[in-house]
Amino acid sequence: MDGAGRLARSLRSLGPQADLKAAAIGAVVLLRERLGLRARVRAKRVIDREPPHRLILWLERYLPNRAGVALTVLMLLGSASLGVVKGGHVDEFVGALSDTRNALANSAGFRITEVAINGRKQLSQDEVLAIGGVNGRSSLLFLDAATVRDKLKTNPWISDAAILKLYPGRLQIDIVERTAFALWQQDGRLSVIAEDGAVLEPYMSRRFISLPLVVGKGAADKARDFLALLDRYPQVRSVTKAAIYVGERRWNLRLKDGLDIRLPEHDVGNALALLSKLDKEDRLFSRDIVVVDMRLPDRLTVLLSEDAAKAREELFKDKKTKKKAGDAA
């Protein structure tokens, strides 16, 4: 009816307008795409950072590739070294490195397979090798001959040494040993000494029992000269048990039968010559005396033993008694 007709006209009148509007919008979009006028998208803001330090820029520019890795490794090695030193493991670390190095050299054919030691008398082969620091792990390639020689010379028995390395595996050691010269007693300790007074070892072996005995402070250094002088008078030397250095100035002799002879500080040779003469002519050393004092240059004083002194006293008493009896008669 009328309402239906009016409605039909209204719908027919809106249709063309909507179509025109849609067409216009599409045209505008196509035009923008043709002209490149796209909608601008707002860019996200980048976080602002401070520029790097000049030193960092210089390092990044001039340091070679992988330098950072190398520096890191060096820092780690430095830290490990500091830990070794702080922990007191330096000797162990050095020993481990030395053993590793020697093991590599031994595997390459430089193992010490033969050792020749010349000149030894008092020391055994094992003692010489131990003193020199040569053991089963040592290799000839890395053996320091100068170090071995210095170690050997620290032993008082060895006065000199020579080391010869004969590749690939032979080691020769030539040593010069000191000679045991005398026994030295001081403060109750008895030692074996060389001619120059060097203490070789404590006296423990009876093979040194025949050596002359010197006693007292400083006696070791003076023994060579005095014993050489004493050897010139075999009559005295043969009965001497010990030479005693008194006050680091002069000598006394203790004979085997207990007789003490007090020698002067000077002209010792003349005193020994007089002693030798008195024993030959008057059998001085066989007399019943305990001390012969020669310290004064113009006289010789003897001290009788206790028994001899009593006998002498009794003899004088008898003489006095007989003399009084003769006077009374």
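How many bridges join strand 5 to strand 6, and in which sense do the two strands run? Strand 5 and strand 6 run antiparallel and are joined by 3 bridges. Helices and strands here are DSSP runs numbered from the N terminus, a helix being H or I over at least four residues and a strand E over at least two. Two strands are taken to pair if DSSP finds at least two bridges between them.

The model is predicted, with local features requiring pLDDT of at least 70 and side-chain atom pairs counting only at pLDDT 80 or more, whereas totals for chains, interfaces and linings use all residues. Residues are numbered from 1 along each chain as its sequence is written, and side-chain values use heavy atoms, with hydrogens and water left out.

The pair just described belongs to an open sheet of 9 strands with mixed pairing, in the order 6-5-4-7-8-9-10-11-12. Strand 6 (199-202) and strand 12 (301-304) form its edges; each has a single partner strand, so one side of each lacks a neighbour in the sheet. On average, neighbouring strands of this sheet are turned by 25 degrees against each other, direction ignored. Angles run from 0 to 180 degrees between N-to-C directions, and axes are lines fitted to C-alpha atoms, for helices over the stretch in contact.

Within the pairing of strand 5 and strand 6, Ile193 stands opposite Val199 of strand 6. Strand 5 (residues 189-193) also contains Ser191. Ser191 has a relative accessible area of 14% and is therefore buried; buried means under 20%, exposed over 50% and partly exposed in between, for a 1.4 Å probe and protein chains only. Beyond its neighbours within four places in sequence, Ser191 is in contact with Ala182, Leu183, Trp184, Val199, Glu201, Pro202 and Tyr203, where contact means heavy atoms within 4.5 Å. Helix 7 (residues 219-230) lies across strand 4 (182-186), strand 5, strand 7 (213-215), strand 8 (240-246) and strand 9 (250-255), and runs at about 65 degrees to strand 9.

A further open sheet has 3 strands in the order 1-3-2, again with mixed pairing. Its edges are strand 1 (114-118) and strand 2 (158-166), each with a single partner strand, so one side of each is left without a neighbour in the sheet. The average turn between neighbouring strands of this sheet is 15 degrees, direction ignored. Strands of a sheet pair through backbone hydrogen bonds, in either the parallel or the antiparallel sense. Strand 1 pairs with strand 3 (residues 170-177) in the parallel sense over 5 bridges, and Ala116 stands opposite Gln172 in strand 3. Strand 2 and strand 3 run antiparallel and are joined by 8 bridges, with Asp174 in strand 3 as the bridge partner of Ala162. A hairpin of 3 residues connects strand 2 to strand 3.

Two helices accompany this sheet. Helix 6 lies across strand 2 and strand 3 and runs at about 155 degrees to strand 2. Helix 5 and helix 6 pack at an angle of about 115 degrees, their axes 7 Å apart. In this packing, Val128, Ile131 and Gly132 of helix 5 meet Val148, Lys151 and Leu152 of helix 6. The contact comprises 4 nonpolar, 1 polar and 1 charged residues, where Ala, Val, Leu, Ile, Met, Phe, Trp, Tyr, Cys and Pro count as nonpolar, Asp, Glu, Lys and Arg as charged, and the others, Gly among them, as polar.

The largest pocket holds about 320 Å³ of space. A pocket is an open set of points, on a 1 Å grid over the protein atoms alone, where a 1.4 Å probe fits, with protein on both sides within 12 Å along at least five of seven lines; lining residues have an atom within 4 Å of a point. Grid points are joined across faces, edges and corners, and the volume is the space filled by probe spheres set on them. Of the 16 residues lining the largest pocket, Ser98, Asn102, Gly133, Ser138 and Leu143 lie nearest its centre. Helix 4 (90-110) and helix 6 (145-153) each supply at least two lining residues, and helix 4 gives the most, with 4. The lining has 3 nonpolar, 8 polar and 5 charged residues.
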